[in-house]
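These are my notebook entries on a structure that I had not examined before. I record what I looked up, entry by entry.

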Amino acid sequence: MTTAMRPGWRSRWRRWRRDRPFAAGLLLGLGGLELICVSWVGLGFLRFTGTAGAASWTLGAVFVVSGVTTWHNPALRYFSGVLAAVLSLVTLVAANLGGLLLGFLLTAVGSALALAWIPRQAPSNPEES
């Protein structure tokens, strides 16, 4: 059996990635991990404890779950996109200026991409693809 007849892992990966808001989920997950890491590591000279540290962990976990949700259930992209957009604004106040602004920017752009993503339409004529 030739490789032209059997799709490889790269073609399966491309198909999986194109059928969902991949970049949105990636940015939401990275933004959530950034919020968690900033409060965890503390950057040596800044110790983020107390309510800001707890908010960073909680909001970071919500962003990671929101990113995974957009990947595994693209139909819920509006819910997770709106939730992430609102919570990204909350991070500016509650979670150390949005994880030193990087977490805020990642989650804000990720939520915008989740809201803007439109599923691909199947071609009406199979010969066109």
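Entry 1: a residue in a loop. I began with Asp19, in a model that is predicted. Asp19 has a relative accessibility of 35%. Buried is under 20% and exposed is over 50%, so Asp19 counts as partly exposed. I then asked which residue forms a salt bridge with Asp19. The partner is Arg120, and the closest N and O atoms of the pair are 3.6 Å apart. I looked up where the two residues lie: Asp19 is in the loop between α1 (9-18) and α2 (22-41), and Arg120 is in the segment after α6. They are 101 residues apart in sequence, so the pair ties together distant parts of the numbering. Arg120 counts as exposed, because its relative accessibility is 56%. I noted the count of salt bridges as well, and it comes to one.

Entry 2: a second residue after α6. I looked up Ile118, which is also placed in the segment after α6. Its relative accessible area is 63%, so Ile118 is exposed. I asked how many residues separate Ile118 from Asp19 in sequence, and how far apart they are in space. The separation along the sequence is 99 residues, while the C-alpha atoms are 9.5 Å apart.

Entry 3: the overall build. I asked how many helices and strands the protein chain has. I found six helices and zero strands. Along the sequence the pattern reads α-α-α-α-α-α. The protein chain has 129 residues, of which 37% count as buried.

Entry 4: helix α4 and its partners. I turned to α3 (residues 51-72) and α4, whose axes come within 10 Å and cross at roughly 160°. Angles over 145 degrees count as roughly antiparallel. I therefore entered α3 as roughly antiparallel to α4. The crossing in which α3 passes α4 is left-handed. Next I took α4 with helix α6 (residues 102-116), whose axes come within 8 Å and cross at roughly 160°. That angle makes α4 roughly antiparallel to α6. I recorded a left-handed crossing where α4 passes α6.

Entry 5: a nonpolar patch on the surface. I asked which residues form the nonpolar patch. They are Tyr78, Val82, Val86, Val90 and Leu115, and together they have about 410 Å² of accessible area. I then asked which helix gives the largest share of the patch. Helix α4 (residues 77-94) does, with four residues. I looked more closely at Val86, which is placed in helix α4. Val86 has a relative accessible area of 47%, so I entered it as partly exposed.

Entry 6: another valine of α4. Val93 has its place in helix α4. I asked whether Val93 counts as buried or exposed. At 77% relative accessibility, Val93 counts as exposed. I also looked up its separation from Ala55: the two are 38 residues apart along the chain, and their C-alpha atoms are separated by 9.8 Å.

Entry 7: a backbone angle. I looked up Leu101, in the loop between α5 (96-100) and α6. What is the phi of Leu101? I found a value near 70°, which is positive in a residue other than glycine. I noted this because most residues other than glycine have a negative phi. With 40% relative accessibility, Leu101 counts as partly exposed.

Entry 8: what I keep from this reading. The chain has six helices and zero strands. Helix α4 is roughly antiparallel to α6, and α3 is roughly antiparallel to α4. The salt bridge joins Arg120 and Asp19.

Definitions and conventions:
Residues numbered from 1 in each chain as written. Predicted model: local features only at pLDDT ≥ 70, side-chain atom pairs only at ≥ 80, totals over all residues. Heavy atoms only, no water. Patch = residues over 30% accessible without salt bridge, like charges linked within 9 Å, V, L, I, M, F, W, Y side chains within 5 Å. Areas by Shrake-Rupley, 256 points an atom, 1.4 Å probe, with all protein chains shown as cover. Salt bridge = Lys/Arg side-chain N within 4 Å of Asp/Glu carboxyl O. Buried < 20%, exposed > 50% of the residue type's maximum accessible area, 1.4 Å probe, protein only. Axes fitted to C-alpha atoms, helices over the stretch in contact; angles between N-to-C directions. Parallel < 35°, antiparallel > 145°, perpendicular 65-115°, else oblique. Left-handed = near helix turned anticlockwise from the far one by under 90°.
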